[in-house]
Amino acid sequence: MNCEEGSLSGHGICPIVMCSSESSEEIAQDFTMENSVTNCADWGRVVFSDESRFLLCPYDYIKRVWRCPGQRVDPGLTVEHHTGPQLGVMVWGAISFDSRTPLVVIPDTLTAQRYVDDILRPVLLPFLSHHPGLTFQ
């Protein structure tokens, strides 16, 4: 079936057909085995990082209510939700199999420049230089 013959032609969609003796699961498994870190020793050399935002004042004591018609007087359908800016801090850290970086507290918005100036240069690069052979993901 080509795009003009099928019912999908009006939408600009043409189906893709895989012609292979292997199933798509076998192909995906082969690709994964060829392109992944496959043993515990390799995983032990990987550094993972993450950042999380913690709210310091999550509730402003103002009720904002959204109800459908006919639900106006049902208090069980009241949903409180904060809509304004909230005070908070962001915390960044990295771990590997047997080591970790110190936590970095970022009080304001994390921009690309702040990431380089406050995290990569002063924390991550020295950490990697003290632990040769690690790969930062």
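This section describes the fold, nonpolar core, surface patch and salt bridges of a predicted model.

The chain contains three helices and four strands. Their order along the sequence is α-α-β-β-β-α-β. Of its 137 residues, 15% count as buried. The accessible surface of the chain amounts to about 10900 Å², and carbon and sulfur atoms account for 59% of that area. When contacts between residues at least 6 apart in sequence are considered, 52% of them join residues at least 24 apart.

The largest nonpolar core is made up of eleven residues: V47, M90, W92, A94, V104, I106, I119, V123, L124, F127 and L134. At least two residues of this core come from each of β2 (88–95), β3 (104–106) and α3 (112–130). Helix α3 provides the largest share, with four residues. In soluble globular proteins, nonpolar side chains tend to be buried together.

Within α3, the buried residues include I119, V123, L124 and F127. The cover over the buried residues of this helix includes the strands β1 (46–55), β2, β3 and β4 (135–136). Helix α3 is also kinked: a bend of about 50° lies at L120, shortly before the proline P122.

Two residues illustrate the contacts made around the core. With residues up to four places away in sequence left aside, the core residue M90 touches E51, S52 and R53, and it also touches V104, V105, I106 and L110. T101 lies in the loop between β2 and β3. Although placed in a loop, T101 counts as buried because its relative accessibility is 3%, and buried means under 20%. Beyond residues up to four places away in sequence, T101 is in contact with W92, G93 and A94, as well as with V123 and F127. W92, A94, V123 and F127 are among the members of the largest nonpolar core.

A nonpolar patch on the surface is formed by W43, F48 and I95, which together have about 320 Å² of accessible area. W43 is located in helix α2, which spans residues 40–43. The relative accessible area of W43 is 45%, so this residue is classed as partly exposed. Patches are made of residues with over 30% relative accessible area, and W43, at 45%, therefore meets that cut-off. The C-alpha atom of W43 is separated by 8.4 Å from that of S96, although the two residues are 53 apart along the chain.

The structure holds three salt bridges. Side chains of opposite charge can pair when their charged atoms come close. One of the salt bridges joins D108 to R114, with 3.6 Å between the closest N and O atoms. R114 also forms a salt bridge with D118, at an N to O distance of 3.2 Å. D108, R114 and D118 are thus linked in a network of salt bridges. R114 and D118 are four residues apart in helix α3, so about one helical turn separates them. Both side chains in this pair have some accessibility: R114 is partly exposed, with a relative accessible area of 23%, and D118 is partly exposed at 30%.

A further salt bridge pairs R121 with D117, the closest N and O atoms lying 3.1 Å apart. Because R121 and D117 are four residues apart in helix α3, they too are separated by about one helical turn. R121 is classed as exposed, its relative accessible area being 52%, whereas D117 is partly exposed, with a relative accessibility of 36%.

Helix α3 thus appears in several parts of this description. Four residues of the largest nonpolar core come from α3, and strands including β1, β2, β3 and β4 contribute to the cover of its buried residues. The salt-bridged pairs R114 with D118 and R121 with D117 lie in this helix, and the kink at L120 falls within α3 as well.

Conventions: Residues are numbered from 1 along each chain as its sequence is written. This is a predicted model: local features need pLDDT of at least 70, side-chain atom pairs count only at pLDDT 80 or more; totals for chains, interfaces and linings use all residues. Side-chain values use heavy atoms; hydrogens and water are left out. Patches are made of residues with over 30% relative accessible area and no salt bridge: like charges are joined within 9 Å, nonpolar side chains (Val, Leu, Ile, Met, Phe, Trp, Tyr) within 5 Å. Accessible areas come from the Shrake-Rupley method with a 1.4 Å probe; for residues, only the protein chains shown count as cover. A salt bridge is a side-chain nitrogen of Lys or Arg within 4 Å of a carboxyl oxygen of Asp or Glu. Buried means under 20% relative accessible area, exposed over 50%, partly exposed in between (1.4 Å probe, protein chains only). A nonpolar core is a set of buried Ala, Val, Leu, Ile, Met, Phe, Trp, Tyr and Cys residues joined through side-chain atoms within 4.5 Å. Contact means heavy atoms within 4.5 Å. The bend at a residue is the angle between axes fitted to the seven residues ending there and the seven starting there.
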